[in-house]
Amino acid sequence: MCMAVQPKSLPPGYYNAALDLLDRNLAEGRGERVAVIDDRGRTTYAALTERANRFANALADLGVEREQRILVALQDSVDFPTVFLGAIKAGVVPVAVNTAQMARDYDFMLEDSGARALVVSQPILETIAPEIERHRPQLAHVIVSGESGGIRLEELLAKSDPEHEPARTVADDIAFWLYSSGSTGAPKGAVHLQCHLMETYRLYGGPILGIGPDDVVFSAAKLFFAYGLGNAMTFPFAVGAAAVLMAERSTPASCAKRLVDHRPTMFFGVPTLYAAMLAGTDLAEKERLALRRCVSAGEALPAELGERWQKRTGVPLLDGIGSTEMLHIFISNRPDDFRYGSSGKPVPGYEARLVSETGGEVAAGEIGDLQVSGPTCCIMYWRRREKSRDTFIGRWTKTGDKYRVTEDGWWIYCGRSDDMLKVSGQYVSPFEVEAALLTHNEVLEAAVVGHEDADRLIKPKAYIVLKGGGGGSTALADALKAHVRSRLAPFKYPRWIEFVPSLPKTATGKIQRFKLRASQPS
Ligand code: 3UK
């Protein structure tokens, strides 16, 4: 006998995002439609809602209470929305974190969030395991998605009740956090509210992308990124569409395979991936693809890359800029109105403005610091009052990006205002790479800046002063690259090493990275 789980709702005045993304699909007759296609198979909205309910009940059974945090270090599979939305249903706050991090990053996030539970994919547990004990007793439970480890997620779900009474949360209650990387290395917890997820659909996913119930989405950007969370959870679940989820790393081969195996209609990637797919041989001919929308975000899309993708696939590549703080894209190109080399125009519902160094508005056509305003902005950085006050100015949020606007209203990206780099769509702090280089016993000083590769995409380049003075060999350069790769997430290593006799510095001894950037041939 099949006992379908009952869709729940809350009395007027209350709001819980998980009801909007799960139960509403049941109430509106989409319970038997496929919500998720992952490496293990397909899950309908009815089955996913039941799993989320079971997880919500399991949290209560474990004594995890409303407003407490759980750290979610999950690879993409049906377990991600199960845990993320199950927690939100219970009013527990999921903190989704990058699964390609080093042990000390998880250590920081466990400490900073004060998580009561950790939900982790088995392959990630190995990295986190040495950090766990020092967070007890605050960290009370370790739940593992996989075959072994702490408490098994699947067992926990099996023994928990499938019906759940949602927490009586309101639209302005804290719902989830995402971490954003800072230039000094310490990540900042961006605190988001219950209403923010659906607002990104209402403003961007619906009107700009035009997602509908028959779409199949595939996001190379993982669910733990704000970009991936919108692409592969919020937008499809808002309309009862299907999301293809893949645990393995997004490579040209793994992504190209999903494009033919599951024939997604919408594909979301970062410029580095689009460039690699065009350069390689994995991407199928356009006749074998079902794509109708392709989106690029995370870093600027070089114009010729967008043009080449459209020529190859027949589908425009829509560049848009978003941030963890704003949750999703707020300046974007549109399917019927786009220009390569531009991020597009402000998404209706958001406002953007350019501010000069002195705080005033810039003259027409001039470059300024981008500020944005809109209903999806996080309310603060957790435990970072000074940084919050610097970034969130009334209803405006500083993005840290330089932009200019053309006479006919197109917004053109002009680089970051700080020293941070965006590499493959992810933040890289030059300080962090320099610190890793300095742990090598032949390195005296190091400075890291962004440098364009053959596709005009930014990758880290290191300038090195050796202890022995003088130049270094190619073998030493390779050894330094390997040294960084063994210490940091792999995308952060310097692709080029230049040995120099000294680094340009200010009177107070600060490295002048802008001088190194300017010294490069463009
Ligand atoms: C840069 C871009 C030029 C820019 C994100 C889509 O990337 C996302 O969030 P993050 O917090 O980084 C934000 C910063 O990344 N950036 C993002 N997109 C573009 N620069 N052109 C672009 N199209 O410096 C921005 O301040 O990691 C992207 C949706 C949600 C997101 N969180």
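# Residue environments and the ligand site

Me: At what distance does the side chain of Thr313 reach the backbone nitrogen of Val315?
Reply: The model is a predicted one. Thr313 lies in helix H11, which covers residues 303–313. The side chain of Thr313 comes to the backbone nitrogen of Val315 at a distance of 3.2 Å.

Me: The side chain of Thr313 also has a polar atom 2.8 Å from a backbone oxygen; of which residue?
Reply: A polar contact requires N or O atoms within 3.5 Å, and a separation of 2.8 Å satisfies that limit. The backbone oxygen in question belongs to Trp309.

Me: Is Thr313 buried or exposed?
Reply: Apart from residues up to four places away in sequence, Thr313 touches Leu283, Lys286 and Leu289. The relative accessibility of Thr313 is 8%. Buried means under 20%, and Thr313 therefore counts as buried.

Me: How many residues surround the ligand?
Reply: The closest residues are Asp319, Gly320, Thr324, Asp401 and Lys422. By class, the shell divides into nine nonpolar, seven polar and five charged residues. The number of residues surrounding the ligand is 21.

Me: How far is an N or O atom in the side chain of Thr324 from an oxygen atom of the ligand?
Reply: Polar atoms of the ligand are approached by several residues. A backbone N or O atom of Ala300 is 3.4 Å from a ligand nitrogen, and a polar side-chain atom of Asp319 is 2.7 Å from a ligand nitrogen. For the side chain of Thr324 and an oxygen atom of the ligand, the distance is 2.6 Å.

Me: What share of the area that the ligand exposes when taken alone does the protein bury?
Reply: Taken alone, the ligand exposes 610 Å². Of that area, the protein buries 97%.

Me: Which element gives the most to the shell around the ligand?
Reply: Four elements are to be considered here, since helix H8 (226–239), strand S14 (317–322), strand S20 (396–405) and strand S21 (411–416) are those that give two or more residues to the shell. The highest contribution is four residues, and the element that makes it is S14.

Me: How far apart are the end C-alpha atoms of H8?
Reply: All of H8 is under cover, as 14 of its 14 residues are buried. At 1.5 Å a residue, the helix should span 20 Å. The end C-alpha atoms agree with this expectation, being separated by 19 Å.

Me: Which residue just after H8 takes a positive phi?
Reply: The phi in question is about 80 degrees. The residue that takes this value just after H8 is Gly240.

Me: Is Leu327 buried or exposed?
Reply: Leu327 is placed in the loop between S14 and S15. Although not a glycine, Leu327 has a positive phi of about 75 degrees. The relative accessibility is 3%, so Leu327 counts as buried.

Me: What is the relative accessible area of Arg263?
Reply: Arg263 is located in the loop between helix H9 (252–261) and strand S12 (266–269). Its phi is near 45 degrees, a positive value in a residue other than glycine. Arg263 is partly exposed, and its relative accessible area is 40%.

Me: What is the relative accessibility of Gly344?
Reply: Gly344 is placed in the loop between strand S15 (329–332) and strand S16 (345–346). Leaving out residues up to four places away in sequence, Gly344 touches Ile331, Ser332, Asn333, Gly409, Trp410 and Trp411. Gly344 counts as buried, at a relative accessibility of 0%.

Me: Is Gly29 buried or exposed?
Reply: Gly29 is found in the loop between helix H1 (17–27) and strand S1 (34–37). Exposed means over 50%. At 66% relative accessibility, Gly29 therefore counts as exposed.

Me: With the side chain of which residue does the side chain of Asp112 make a polar contact?
Reply: Asp112 belongs to helix H4 (residues 103–113) and counts as buried at 8% relative accessibility. Beyond residues up to four places away in sequence, Asp112 touches Trp177, Tyr179, Trp382 and Arg383. The polar contact, at 2.7 Å, is with the side chain of Tyr179.

Me: Is the peptide bond from Arg136 to Pro137 cis or trans?
Reply: Pro137 lies in the loop between helix H5 (122–132) and strand S6 (141–145). The omega of the bond from Arg136 to Pro137 is near 0 degrees, and the bond is cis.

Methods:
Residues are numbered from 1 along each chain as its sequence is written. This is a predicted model: local features need pLDDT of at least 70, side-chain atom pairs count only at pLDDT 80 or more; totals for chains, interfaces and linings use all residues. Side-chain values use heavy atoms; hydrogens and water are left out. Buried means under 20% relative accessible area, exposed over 50%, partly exposed in between (1.4 Å probe, protein chains only). A polar contact is a pair of N or O atoms within 3.5 Å; within protein, one must be able to donate a hydrogen and the other to accept it, and residues adjacent in sequence count only if both atoms are side-chain atoms. Contact means heavy atoms within 4.5 Å. A residue is near a molecule or strand if one of its heavy atoms lies within 4 Å of it. Accessible areas come from the Shrake-Rupley method with a 1.4 Å probe; for residues, only the protein chains shown count as cover. Ala, Val, Leu, Ile, Met, Phe, Trp, Tyr, Cys and Pro count as nonpolar, Asp, Glu, Lys and Arg as charged, and the others, Gly among them, as polar. The expected span of a helix is 1.5 Å times one less than its number of residues.
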